[in-house]
Structure formats: structure tokens, C-alpha cells
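The exercises below ask the reader to work through a protein model, one feature at a time. Each task is followed by a solution that proceeds in steps.

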Amino acid sequence: MNAIHLKKGFSPRIAGAPARQLRQLDAPRHVGMVPEHIPFIKPRLLVEEGDSVAIGSPLFEDKRNIRIRFLSPGGGQVARIVFGPRRIIRQIVIALDNDERCEFFDVPTVEQLDTIPRTALVEMLLNGGMWPFLRALPFMDLADPDTVPPAIIVRLGDDEPFGPDPVVYLKGREDLFGIGIDLLNKLCDRVVVNLTGDEAILPALPDQTVTHRFTGHYPSGNPSVQLYRTKTGPEQNRSWFIDGQDVILLGEFIRTGRYPVQRIMSVGGSLAPAAEHVSTRAGVPLRQLCGGGLAGRPARRYVVGGVFTGFTGSADSFVGFYQNALNLIDDGDWEEPFGFIRPGYNKPSYSTAFLSTFHRKPFPMDCGQHGEARACVNCGTCATVCPVDILPQFTMKCLVADEVEEALAHGLLDCAECGLCTYACPSKIELREVFRSAKAQYYKEIA
Ligand code: SF4
Ligand code: SF4
């Protein structure tokens, strides 16, 4: 196993890390899908309101490749389909039956995995709705079923505040993880399993399963950063990646022949009623995930996913397809009188100008910018924290001047979209958003 220590980056001290205890959440009465938060797809609905669906029934397909389908995480009736502007599909809500029906798929036994041709495995994953768990770098779009990637990166542990801990989600499911890894080995000759975090997990896994152990600052658990640190040539830039918990789902799919809906999720952030891990199911309503304890408390933010890269939800929305975390933090939309002369005892910040820099304790984080946006002052802070050695300030200026080729030469496509430069920038410039949308625009053009 190779050990890689990430010196660049930054680990903000944020309060509300989920404890490792696991609580079983009550069964929800509704589950939902939020297609608008699946990057790049063009969803075409395969159901209408009132339709009856089983666990594993197709709900929508990607128009760009109709072999890629997204399946229902629940059995019952399609209660609601919510559209947004230009008829984007916001939510598909399923009212669950007491006695949920379930689709079964033709899957090989674990022993047969060795003898099945790769093309048959790909078709099996496409039919069983498991394919979308595989995504391709550097754009993080769905993997192309007609290509063979140079490598598949398995991210075992996400160090963004606050994702599920692999120590929790692997416990008792190590065998399913092993089956998932066997399956990935049939799809590609090079499977890289990157552990970020607690090495106490290692004895539970077969020898040689983990190929790299990343330590150091956030975002050492980001697959783009891991690729940047481990790749041996530019041909590996188009590697695929998959989250460790989704590898367990692959194993469960092979073992049961059913579309797996059970998930281990983390609930964290300084306003979480209880920062913990919960066992629940895909598409659970956010209100239920956080214990329903938010009613009447204003100025709260539901961040689905990590606090740097997640999206904003509401009590009435649902967990996204790729997110297994909910963070509850304050909106931070208040004025701080004479904030510029306050010593900042309790302010989490990259800047050492605040007295909080002398504390080791975690601080509550909120969404406030704590200052006005202004022009770049060329302080170089963003370059200091960037884990993939981009010079974000110059790359951003190239993009503002429409010099895309020069931004690419600066390493735009290596950007891991980790959000650290935005967090650290004293001028409050939304660098991550600039890079994310520039990458997406470039991808659409070359596609
Ligand atoms: S951190 Fe912000 S102000 Fe400083 S160089 Fe980077 S973009 Fe400019
Ligand atoms: S440019 Fe910003 S968002 Fe991109 S990898 Fe560097 S720090 Fe992260």
C-alpha cells in the first residue's frame, strides 16, 4: 500500500462532526429522486403521476444514452412530479406502499463473475440501474458504457465536512465490498482503492484491497485530487471513480439480484439535532433525515452533501442520488456590527488575522460571506491551498477574459471543484463556481 500525504489543502475546524454511532431511522412514507442535481444528464421521464412502481422500476433515462436508466428507490405510487423553469425535473416523489413490490434482475453468482464477458456485465449493470454509480473524470459525468477506462478509483472515505465514515458504512458489509471490487476488476485492469482517514478499517478488508492511503488536509479524499497525485501519464485523466459505499451496493446487487435501497448517511453541522450516522434508504426526505426537529427555526441551511460542494435543499426535498450526507448550518445572513474590528474568537477562517487561529476547538460554520465581494488582490492564498497546483487567480482571470485555451494550459481540467479556494479567498470570489461552470461549458462544447 502506498502512503500519500497531502501537504496542500486545509482542514477547517468546523463543529458538528457526526459521531460513529449508527441509528436506525424510521421507515419513510415517501421517497424521492432529484434529477436536477445529477450533473449533465438530460432526463426523459418513463413514468407519470399515479403510476404504480416497484423498487427497481425505471423512473427516467438519460436522453444522451437511453441505456442509462435511473430506477425507483421505492415501491408504491408516483405521487408527484415537480417541474422547474424550462420543465427541468425537480422531484419525482413516490408514496410507499406498506408492502412494497420489488423487481428482480438476472445476475450471476459470485463464482460466475470470473467467467462472464465484460460486455454482459456492463449490460447487467445498465439494466439493474447500477451504472450511474460509475462516473468519469475530469468532468464527473456518467461513465460511458462503450469505453474501457484506464483506471477506476474507489474513494474509501470522504474528508469533506461531513460525509459518512467508512468505518461505519463498511462494518458488517466487508464481504459485499469485496464482491463489488471483484466486479470492478472485471470492468477494468486497474482498480485503485484509496483510503482516506482511519486505518483501523484495514484489518477488516482482505490484504492488498487498499492500494493507497491518503492522509493530510482536505481534500485528500477527493477522487480528482487522488488521480492528480497517483496518475503516471495523461492517458489516465479519463479514469472513472466510484464511492466506497456504492461499491457495497454493487456487491449487494450481485448477491440479491435487487436494486439496493439501503444507505448509511451522516447528519452533521453545528445545528444538527444529533450529529450521527443513520441507517435509512435512498431518497429519504430531508425533514425525516434530520429528525424533523427544524420546524419554526429560521435561518437554517440544509446542505445536501458536504459543506463545500453540496447543494441547498429544503425540509420538503430529498437526498440526491450521489449524496449520503446532510449538513445543517446557519444561513449567516445577519449583520455583524463593527465586524471589521472584532477579534473573531469564534470565527472559523483560513485567515490567521482572527484570534480563533489560536484555538484548536471546532467552530460553528455558517453560509455568510462575512464581507463584500471585491476585486482580486493577488494575495496568492488560493494558490497556497489548491491541492492540484493550479494558480486559481490567473486561471480565473483567463476565464473572465474569455481565454479558455490559456485557462486549460493553467490546468483548469485538473480542478477538483473542492471549493477550498473559494473558502480561503479574502476577496470572497466564487472561484469554484467559475471553474465548475467553465469546465461544464467546455465539456458540452467538446461533446
Ligand atoms: S485568494 Fe482571492 S484575492 Fe487572493 S489571489 Fe486568490 S482570487 Fe485573488
Ligand atoms: S482551483 Fe479551487 S476548487 Fe479547484 S482544486 Fe484548486 S482549490 Fe479546489
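**Exercise 1. Domains and their contact**

Task: In this predicted model, state how far apart the C-alpha centres of domain 1 and domain 2 lie, and describe the contact.

Solution: The C-alpha centres of domain 1 and domain 2 lie 27 Å apart. As a next step, counting the residues on either side of the contact gives 14 from domain 1 and 13 from domain 2. On the side of domain 1 that touches domain 2, helix α4 (residues 223–230) gives the most, with three residues, and by class that side has nine nonpolar, three polar and two charged residues. The bounds to keep in mind are 2–17 + 104–256 for domain 1 and 369–446 for domain 2.

**Exercise 2. The shells around the two ligands**

Task: Determine which residues come closest to ligand 1 and which come nearest to ligand 2, and then divide each shell by residue class.

Solution: Begin with ligand 1, which is surrounded by 14 residues, the closest being Cys376, Cys379, Cys382, Gln393 and Cys425. The helices α7 (381–385) and α8 (392–400) each supply at least two residues of this shell, and its classes are nine nonpolar, five polar and no charged residues.

Turn next to ligand 2, which has 16 residues around it, with Cys386, Cys415, Ala416, Cys418 and Cys421 coming nearest. Two or more residues of this shell come from each of α10 (420–424) and α11 (431–446), and α11 gives the most, with three residues. Here the division by class is 13 nonpolar, one polar and two charged.

**Exercise 3. Strand pairing around β6**

Task: Identify the strands that pair with β6, and give the sense of each pairing and the number of bridges.

Solution: Strand β4 (residues 43–45) pairs with strand β6 (residues 58–62) in the antiparallel sense over three bridges, and within this pairing leucine 45 stands opposite phenylalanine 60 in β6. Strand β6 also pairs with strand β7 (residues 65–71), again in the antiparallel sense, over four bridges, where proline 58 has leucine 71 in β7 as its bridge partner. The last step is the connection: β6 and β7 form a hairpin with two residues between them.

**Exercise 4. Unusual backbone geometry**

Task: Locate the cis peptide bonds from leucine 137 to proline 138 and from proline 161 to phenylalanine 162, then examine the phi values of phenylalanine 40 and glutamate 417.

Solution: As background, most residues other than glycine have a negative phi, and most peptide bonds are trans. The cis bond from leucine 137 to proline 138 has omega near 0°, and proline 138 is found in the loop between β10 (135–136) and β11 (141–142). The cis bond from proline 161 to phenylalanine 162 has omega near -10°, with phenylalanine 162 placed in the loop between β12 (152–156) and α2 (166–170).

Passing to phi, phenylalanine 40 has a positive value near 75° and sits in the loop between β3 (30–33) and β4. Glutamate 417, also not a glycine, has a positive phi of about 55° and lies in the loop between α9 (404–409) and α10.

Task: Are phenylalanine 40 and glutamate 417 buried, exposed or partly exposed?

Solution: A residue is buried if 20 or more other C-beta atoms lie within 10 Å of its own, and exposed if 12 or fewer do. Phenylalanine 40 has 15 such atoms within 10 Å, so this residue is partly exposed. Glutamate 417 has 19 other C-beta atoms within 10 Å and is therefore partly exposed.

Notes:
Residues are numbered from 1 along each chain as its sequence is written. Chains are lettered from A and ligands numbered from 1 in the order in which they are written. This is a predicted model: local features need pLDDT of at least 70, side-chain atom pairs count only at pLDDT 80 or more; totals for chains, interfaces and linings use all residues. A residue is near a molecule or strand if its C-beta atom, placed from the backbone, lies within 6 Å of it. Ala, Val, Leu, Ile, Met, Phe, Trp, Tyr, Cys and Pro count as nonpolar, Asp, Glu, Lys and Arg as charged, and the others, Gly among them, as polar. Two strands pair if DSSP finds at least two bridges between them. Domain bounds come from an automatic or database domain assignment. Two residues are in contact if their C-beta atoms, placed from the backbone, lie within 7 Å.
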